[in-house]
Amino acid sequence: MLYAISTPRTCISCPRSSRFHRRNLVSVKLCARASLPNNGNGVKVEYTPWLIVGLGNPGTKYHGTRHNVGFEMIDRIAQVEGVLMNTIQSKALIGIGCIGEVPILLAKPQAYMNFSGESVGPLAAHYKIPLRHILLIYDEMNLPNGILRVQPKGGHGHHNGVKSVMDHLDGCREFPRLCIGNPPGTMDMKAFLLQKFSPTEREQIDASLEQGVEAMRTLILGGFTNKITRFNLGQKYKYHKV
């Protein structure tokens, strides 16, 4: 069952447990930061929430197609982290949860790929999430199939979904991305993106979804450290391993 949020409250609250109880998902207070006591000295540690957005097209027609790997990554994160995706807000299907103690808002825009920014911009503004905490997940034509790359910023690379997001973030490009390789080769672009993966490609993508969850956790909990650098390097050469 889907729910719609119309409340003006602008906070994402993170419980002590990393799992949201299903019966509390809609009624839970949304809070801009999560805080908890630190070392018993009365000082509170605050965690700025993350908005994690996967790009794709809604509807069964597009399920499992190449252009929808962003949606698939969100589904996998939601499954692993126990986040229930059953709320509609700002033209997006969303779910609220935590990575460790860090609150996260997962989102799958429902206004089709080319209008993804119509969800991302309003969600970021509503929950007061800074650019550095907006993680955009999408397919990347310039990477081999299933290769992942985590970046702190970048352009739109002729990806209409990314372009729409940038347009609705006042043209800013300084937000993190998790790119999933999906090269078209010499095939017509539009026809290619609406295809499903071959069995071999599907196996590579499924493995990448698992690796992507770990990369996302590393970024959320530690930022752009040497661990992310090593992850990107490992991805670059993962198909060359003997």
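**Figure 1. Leu148 stands opposite Ile180 in strand 10.** This is a predicted model. Strand 9 covers residues 148-151. Strand 9 and strand 10 pair in the antiparallel sense. Four bridges link the two. Ile180 has a partner in another strand too: Asp139 stands opposite Ile180. Strand 8 and strand 10 run parallel. Five bridges join them.

**Figure 2. Strand 10 is covered on both faces.** In a regular strand the side chains alternate between the two faces of the sheet. Here, Arg177, Cys179 and Gly181 lie on one side. Leu178 and Ile180 lie on the other. Every one of these residues is buried. That makes five buried residues out of five in strand 10.

**Figure 3. Helix 3 has buried residues covered by other elements.** Helix 3 spans residues 160-167. Which of its residues are buried? They are Gly161, Val162, Ser164, Val165 and Met166. The cover over them includes helix 2, strand 8 and strand 10. Strand 8 is made of residues 134-140.

**Figure 4. Asp170 has a positive phi.** The angle is about 60°, although Asp170 is not a glycine. Where does Asp170 lie? Look in the loop between helix 3 and strand 10 (177-181). Asp170 counts as exposed because its relative accessibility is 75%, and exposed means over 50%.

**Figure 5. Asn57 is a buried loop residue.** Its loop runs between strand 4 (50-54) and helix 1 (69-81). Is Asn57 buried or exposed? Its relative accessibility is 9%, so Asn57 counts as buried; the limit for buried is under 20%. A polar atom of the Asn57 side chain lies 2.8 Å from the backbone nitrogen of Met113. Leaving aside neighbours within four places in sequence, Asn57 is in contact with Tyr62, His67, Asn68, Phe71, Tyr112 and Met113.

**Figure 6. Tyr112, a contact of Asn57, has a positive phi.** The angle is about 75°. Tyr112 is not a glycine. Tyr112 sits in the loop between strand 7 (102-109) and helix 2 (117-126). With a relative accessible area of 43%, Tyr112 is partly exposed.

**Figure 7. Ile137 belongs to the largest nonpolar core.** In soluble globular proteins, nonpolar side chains tend to be buried together. The largest nonpolar core has 30 residues. Which of them touch the most other members? Ile52, Leu106 and Ile137 do. Helix 5 (residues 199-222) gives the largest share of this core, seven residues. Apart from it lies another core, of 25 residues. Among them are Ile96, Leu105, Leu123 and Tyr127.

**Figure 8. Ile137 touches several residues.** Residues up to four places away in sequence are not counted. Among its contacts are Ile52, Val53, Gly54 and Leu55. Ile137 also touches Gly70, Met73, Ile74 and Ile77. Leu178 and Ile180 are on the list as well. Leu178 and Ile180 share one side of strand 10.

**Figure 9. Cys172 and Cys179 differ in exposure.** Cys172 is partly exposed, with a relative accessible area of 25%. Cys179 has a relative accessible area of 0%, so Cys179 is buried. How many disulfides does the structure hold? The count is zero. A disulfide is a covalent bond between the sulfur atoms of two cysteines.

Terms used: Residues are numbered from 1 along each chain as its sequence is written. This is a predicted model: local features need pLDDT of at least 70, side-chain atom pairs count only at pLDDT 80 or more; totals for chains, interfaces and linings use all residues. Side-chain values use heavy atoms; hydrogens and water are left out. A nonpolar core is a set of buried Ala, Val, Leu, Ile, Met, Phe, Trp, Tyr and Cys residues joined through side-chain atoms within 4.5 Å. Buried means under 20% relative accessible area, exposed over 50%, partly exposed in between (1.4 Å probe, protein chains only). Contact means heavy atoms within 4.5 Å. A polar contact is a pair of N or O atoms within 3.5 Å; within protein, one must be able to donate a hydrogen and the other to accept it, and residues adjacent in sequence count only if both atoms are side-chain atoms. Two strands pair if DSSP finds at least two bridges between them. A disulfide is a pair of cysteine sulfur atoms within 2.5 Å.
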